[in-house]
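Have a look at the sequence and the 3D picture below. Take a moment to turn the structure around before you read on.

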Amino acid sequence: MFEPDEELIGRVVRQLRRPVTVDAGLDARVMEQIGRLPARRTGGPVRATWRWIIRPRTIRLSPLGALAIAAVFVAVVLWRPDRPSRPASARAFGFVVVAPRAATVSLVGDFNDWDAARTPMQRTRKDESVWTAVIPLTPGRYRYAFLVDGVAWLADPAAPAARDDEFGAPSSVVTVGGS
Amino acid sequence: MGIHSVGTSDVEAVRRVLGGDTDAYATLVARYRDRLARYAVHMLGNREDAEEALQDAFVRAYRSLERCDDGARFGAWLYGILVNRCRTTGARAAKRGRVFVRDEAALNGVAHPSAAEQTEGEDVVRWALARLTPEYREAFLLKHVEDLEYEEMAQLTGAGVSALKMRVKRAREQLQTILREAERV
């Protein structure tokens, strides 16, 4: 085990701390060498300001301060107040209903504000009792129904019934998943 | 820090030099010469190399004075330049084979202590210091002779605090071992 000898080290340190003098001509040699260098360009306040701007600096920061700055940075990066919401990719979605005696059938739902004029359904060529409509839907949950001859509401027999029917008429629900 | 700033005097001198007043630099040279010379002489072991490193450090500092972020810390900044110059000069001297030649002229440059203080013999201390590796010698001098904090030493040397603590500890142990062996001879 090494036994530190503080007295011995203290003696060494005291001795090494004594002043040391060097050649008195050192100052003159330094100034002579400096005098041979090209004159320092000063450039006035503009140059001084530029030097101040480009001068690298050491910034001392506590961990808490660094965390706060990082949080602000993330918030600024993520915050886009005027950025329009990017529409999610829409997929074509087909609706089919059998209504042999109908003259007109419309598809109405959350996706077209329950407006009967916006999505009229078409008879299929093979079977005139079958009505179809294909509309683009973005991922989400939609309630819908078929409006037959402008008066009769018909839920989709092939789809789950919507529980939150606020209109008192039968309706179905479809959920479109994201891709 | 061991090389303390001299407050507004340094700030003013640095400002004048940057403004084109070359003579103002003489004030800074005179102010820091002897303090830096002590480190250079102990680090390099002879006055010739120490003066070369010192002169080089002063000239380099003048040429890059714009990089001195804070005039009030000119002394510490200059010290960092000297530490690097001593490393370079020491490495060059080692290549020449003059790793640490005890120099009577350097000893003559040391202010004479009182008779009581001189009894242990300065030559032995210098000889022991010379037997340390440059890294250990540098760390020991910065910590114990120049009285720097470890964080300041880390800034000057580029080494980590824990590495510097280890170097100082090993330097103390080796110095103690060398000096005790010398006492027994």
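Here is a short tour of the chain contact, a helix pair, the nonpolar cores and two residues with an unusual backbone angle. Keep in mind that this is a predicted model.

**Where the chains meet**

Let's start with the two chains. Chain A puts 31 residues into the contact, and chain B puts in 38. On the chain A side, the elements that give two or more residues are α1 (6–16) and α2 (26–35). Of these, α2(A) supplies the largest share, with eight residues. What kinds of residues make up the chain A side? There are 15 nonpolar, 11 charged and five polar ones.

**Two helices in chain B**

Now find α2 (residues 24–44) and α4 (residues 74–96) in chain B. These helices pack at an angle of about 35°, and their axes are 10 Å apart. Their crossing is right-handed. Among the residues that meet here are L28(B), Y32(B) and L36(B) from α2(B), and L78(B), Y79(B) and L82(B) from α4(B). The residues of this contact are 13 nonpolar and three polar, with no charged ones.

**The nonpolar cores**

In soluble globular proteins, nonpolar side chains tend to be buried together. In this model, the largest nonpolar core has 55 residues, and A40(B), L54(B), L78(B) and L82(B) touch the most other members. Helix α2(B) turns up again, giving the largest share of this core with 11 residues. The core also takes at least three residues from each of domain 1 (1–111) and domain 2 (120–185) of chain B.

Zoom in on L54(B). Setting aside neighbours within four places in sequence, L54(B) is in contact with V22(A) and L26(A) from chain A, and with L36(B), A37(B), A40(B) and L82(B) from chain B. A second, separate core has 13 residues, including M121(A), W131(A), L147(A) and A155(A).

**Two positive phi angles**

Last stop: two aspartates, neither of them a glycine, with positive phi values.

| Residue | Phi | Loop |
|---|---|---|
| D113(A) | near 55° | between β2 (105–109) and β3 (122–123) of chain A |
| D147(B) | near 65° | between α7 (134–145) and α8 (150–157) of chain B |

Why does D113(A) count as exposed? Because D113(A) has 8 C-beta neighbours inside 10 Å, and the cut-off for exposed is 12 or fewer. D147(B) has 14 other C-beta atoms within 10 Å, so D147(B) is partly exposed.

Definitions and conventions:
Residues numbered from 1 in each chain as written. Chains lettered and ligands numbered in written order. Predicted model: local features only at pLDDT ≥ 70, side-chain atom pairs only at ≥ 80, totals over all residues. Contact = placed C-beta atoms within 7 Å. Helix = DSSP H or I, 4+ residues; strand = E, 2+ residues; numbered from the N terminus. Nonpolar A, V, L, I, M, F, W, Y, C, P; charged D, E, K, R; others polar. Buried ≥ 20, exposed ≤ 12 C-beta atoms within 10 Å, placed from the backbone. Axes fitted to C-alpha atoms, helices over the stretch in contact; angles between N-to-C directions. Left-handed = near helix turned anticlockwise from the far one by under 90°. Core = buried A, V, L, I, M, F, W, Y, C linked by C-beta atoms within 7 Å. Domains from an automatic or database assignment.
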